[in-house]
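Here is a quick tour of a two-chain model, taken one topic at a time. Have the coordinates open and follow along.

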There are 2 protein chains.
Amino acid sequence: MITRIDHIGIACRDLDASIEFYRRAHGFEVVHSEVNEEQGVREAMLRINGTDDGAASYLQLLEPIRDDCAIAKYLEKHGEGVHHIAFGTADVVAATEAATSTGIRALYPAPRRGTSNSSINFLHPKDCHGVLTELVQAADPADAHHS
Amino acid sequence: MITRIDHIGIACRDLDASIEFYRRAHGFEVVHSEVNEEQGVREAMLRINGTDDGAASYLQLLEPIRDDCAIAKYLEKHGEGVHHIAFGTADVVAATEAATSTGIRALYPAPRRGTSNSSINFLHPKDCHGVLTELVQAADPADAHHS
């Protein structure tokens, strides 16, 4: 069961420039940043609001750290912009199965590591009316993205 | 001041098919639908979660009702997918001015009517690292999108 918009993932060419953009334009602040070697990204989470499932909604700014990662390919094809949307759930396996049982393809056979040791999977954008959709289970819901 | 992710706006070719997709894949339900003649769209709001400013976050599904509207042009160029993101604020004029004071262009000189009689403006995607950004002030925050 999905209980929140966890984040909106935005592909950017220069993470520091995008962080500064959101700070100046809207006052958003970075609450977490990390490098995810497997996903090939350097990323920052900007917290926007708390959600009624006890977690929060974020912007996730993503800069590629190598040319063969998904974000680098996206930037080459589309330029900067919204790369994916992510829904939060207490059980990423169940939420993935609920979707795949309707014929949607998941990108991974089992969840992989996402931001702040969350467990994530993606649903194929061609099966989701053009929207790359991530499903996220926080490592510890009370501490999501704040470790 | 921005207090929430209000919605993610998704361009679709067939509103009813996209509504059915989100119901089957994730269990999301329509809480409001309308036709906005000025924007040239038929739309549905799917409520995802409550937010700690007393409002909520939604998916907004948008189908064009004429060929010259922004959503029709987006579909022609990009196909279905995320069209814009929208931040909620108690004062759309102030939030717009906070952004334009940093050099970002607003699309309208004054707010226009959005979903459920909200007041909205957009920030130019070329000034926002590729992200078409909407700012939304609910007509009545306690009743946003539920009228």
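## An aspartate out in the open

Let's start with A:Asp67, which is exposed at a relative accessible area of 72%. Bear in mind throughout that this is a predicted model. A:Asp67 sits in the loop that runs between β4 (56-64) and α2 (70-78) of chain A.

What does A:Asp67 touch, once its neighbours within four places in sequence are left aside? The contacts are A:Ala72 and A:Lys73. There is also A:Gly40 to look at: 27 residues separate A:Asp67 from A:Gly40 in sequence, while their C-alpha atoms are 8.6 Å apart in space.

## Salt bridges inside the chains

Over all chains, the structure holds 20 salt bridges. One of them pairs A:Arg4 with A:Asp6, with 3.0 Å between the closest N and O atoms. Both partners, A:Arg4 and A:Asp6, are buried. That pair also belongs to a bigger picture, since a network of salt bridges links A:Arg4, A:Asp6 and A:Asp53.

Next, try A:Glu20 and A:Arg23, another salt bridge, whose closest N and O atoms are 2.8 Å apart. The two residues are about one helical turn from each other, because they lie 3 residues apart in helix α1 (residues 15-26) of chain A. A:Glu20 counts as partly exposed at 34% relative accessibility, and A:Arg23 is partly exposed as well, at 35%.

Over in chain B, B:Arg42 makes a salt bridge with B:Asp16, and here the closest N and O atoms are 3.5 Å apart. This one ties together distant parts of the chain: B:Arg42 is in strand β3 of chain B and B:Asp16 is in helix α1 of chain B, 26 residues apart. B:Arg42 is partly exposed, with a relative accessibility of 27%, and B:Asp16 also counts as partly exposed, at 48%.

## Where the two chains meet

Now for the interface. Chain A and chain B put 40 residues each into the contact. About 3200 Å² is buried between chain B and chain A, and carbon and sulfur atoms account for 67% of that area. How many salt bridges are there between chain B and chain A? The count is 0. Polar contacts do turn up, though: 6 residue pairs across the interface of chain B and chain A, both residues being at pLDDT 80 or more.

On the side of chain B that touches chain A, the elements giving two or more residues are β1 (2-11), α1 (15-26), β3 (41-50), β4 (56-64), β5 (81-89), α3 (92-100) and β8 (133-137) of chain B. Which element has the largest share of that side? It is α1(B), with 7 residues. By residue type, the side of chain B that touches chain A splits into 22 nonpolar, 12 polar and 6 charged residues.

## Symmetry

To lay chain B on chain A, you need a rotation of 180° with 0.0 Å of shift along its axis, and the fit comes out at an RMSD of 0.0 Å. The two copies are therefore related as by a two-fold rotation axis. In chain B, the C-alpha nearest the axis belongs to B:Thr51, at 2.3 Å from it.

The interface follows suit: the same surface serves both copies, and 100% of the contact residues of chain B recur in chain A.

Definitions and conventions:
Residues are numbered from 1 along each chain as its sequence is written. Chains are lettered from A and ligands numbered from 1 in the order in which they are written. This is a predicted model: local features need pLDDT of at least 70, side-chain atom pairs count only at pLDDT 80 or more; totals for chains, interfaces and linings use all residues. Side-chain values use heavy atoms; hydrogens and water are left out. Contact means heavy atoms within 4.5 Å. Buried area is the accessible area (1.4 Å probe) that two parts lose on being put together, summed over both. A salt bridge is a side-chain nitrogen of Lys or Arg within 4 Å of a carboxyl oxygen of Asp or Glu. A polar contact is a pair of N or O atoms within 3.5 Å; within protein, one must be able to donate a hydrogen and the other to accept it, and residues adjacent in sequence count only if both atoms are side-chain atoms. Helices (H or I, at least four residues) and strands (E, at least two) are DSSP runs, numbered from the N terminus. Ala, Val, Leu, Ile, Met, Phe, Trp, Tyr, Cys and Pro count as nonpolar, Asp, Glu, Lys and Arg as charged, and the others, Gly among them, as polar. Buried means under 20% relative accessible area, exposed over 50%, partly exposed in between (1.4 Å probe, protein chains only). Copies are superposed by least squares on the C-alpha atoms of residues with pLDDT of at least 70 in both.
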